[in-house]
Amino acid sequence: QDALEDTIASTSNEIKQPQGIIIGTSCHSKQSALDSYNLTPRGPDYLFVGTCYLTQSHPEKTSLDQLEGPTLPGSIREILYQSFNN
């Protein structure tokens, strides 16, 4: 199994994203944004950050205090900037 794990690890380091493909992901916290960028050698091209409003797409969030709110995108931008420029 160690040989298989070594093969998978070396192969995953060689994977290149095809040109013209844009990859994004959603996140709901600073930590999930950092985790997304650590999943791939270069991270996603964009993050969709939220939830800012009560919506049927997240029925488990029933009150305003459960929402991440409109300040989260700026907070994520700051933490990503700090993480990659230190």
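Start by selecting S36, which sits in helix α2. This is a predicted model, so read every distance and percentage on this tour as computed from it.

**Stop 1: S36**

Is S36 buried or exposed? With a relative accessibility of 11%, S36 is buried, because the cut-off for that label is under 20%. Now show what surrounds the residue. Leaving aside residues up to four places away in sequence, S36 has contacts with T25, G43, P44 and L47. Keep T25 on screen for the next stop.

**Stop 2: D45**

Go to D45, in the loop that links α2 to β2. D45 is partly exposed, at 35% relative accessibility. Draw a C-alpha to C-alpha distance from D45 to T25: you should get 8.5 Å, for a pair 20 residues apart in sequence. T25 is also one of the residues that S36 touches.

**Stop 3: the whole chain**

Zoom out and switch to cartoon. What order do the elements follow from the N terminus? They run α-β-α-β-α, giving three helices and two strands. Colour by relative accessibility next: 19% of the 86 residues count as buried, with S36 as one example at 11%. If you like contact maps, take the contacts with a sequence separation of 6 or more; 36% of them are between residues 24 or more positions apart.

**Stop 4: α2 against α3**

Select residues 30-39 for helix α2 and 72-84 for helix α3. To describe two packed helices, you use the angle between their axes and the distance between the axes. Here the axes come within 9 Å and cross at roughly 45°. That angle is why α2 counts as oblique to α3. As for handedness, α2 passes α3 in a right-handed crossing.

Which side chains should you turn on to see the contact? On the α2 side, pick K30, A33, L34 and Y37. On the α3 side, pick L72, S75, I76, I79, L80, S83 and F84. Colour this set by residue class and you get eight nonpolar, two polar and one charged.

**Stop 5: K61**

Move on to K61, in the loop between β2 (46-49) and α3. Buried or exposed, for this lysine? K61 is buried, with a relative accessible area of 13%. Show the side chain together with that of E68: a polar contact of 2.8 Å joins the two. Then expand the selection to the other neighbours. Not counting residues up to four places away in sequence, K61 touches H28, T51, L54, Q66, L67 and E68.

**Stop 6: P70**

Stay in the loop between β2 and α3 and select P70. K61 lies in that loop too, but while K61 is buried, P70 is exposed, with a relative accessible area of 64%. Where does P70 sit relative to G50? The C-alpha atoms of P70 and G50 are separated by 7.6 Å, although the two residues are 20 apart along the chain.

**Stop 7: N85**

Finish in the segment after α3, where you'll find N85. N85 is partly exposed, at 47% relative accessible area. What does the side chain of N85 reach? Turn on backbone atoms and look for the oxygen of Y81, which the N85 side chain reaches at 2.9 Å. For a last view, put this next to the K61 and E68 pair from stop 5, where a polar contact of 2.8 Å joins side chain to side chain; with N85, the partner is a backbone oxygen.

Definitions and conventions
Residues are numbered from 1 along each chain as its sequence is written. This is a predicted model: local features need pLDDT of at least 70, side-chain atom pairs count only at pLDDT 80 or more; totals for chains, interfaces and linings use all residues. Side-chain values use heavy atoms; hydrogens and water are left out. Axes are lines fitted to C-alpha atoms, for helices over the stretch in contact, and angles run from 0 to 180 degrees between N-to-C directions. Helices (H or I, at least four residues) and strands (E, at least two) are DSSP runs, numbered from the N terminus. Angles under 35 degrees count as roughly parallel, over 145 as roughly antiparallel, 65 to 115 as roughly perpendicular and the rest as oblique. A crossing is left-handed if the near helix is turned anticlockwise from the far one by less than a right angle, and right-handed if clockwise. Contact means heavy atoms within 4.5 Å. Ala, Val, Leu, Ile, Met, Phe, Trp, Tyr, Cys and Pro count as nonpolar, Asp, Glu, Lys and Arg as charged, and the others, Gly among them, as polar. Buried means under 20% relative accessible area, exposed over 50%, partly exposed in between (1.4 Å probe, protein chains only). A polar contact is a pair of N or O atoms within 3.5 Å; within protein, one must be able to donate a hydrogen and the other to accept it, and residues adjacent in sequence count only if both atoms are side-chain atoms.
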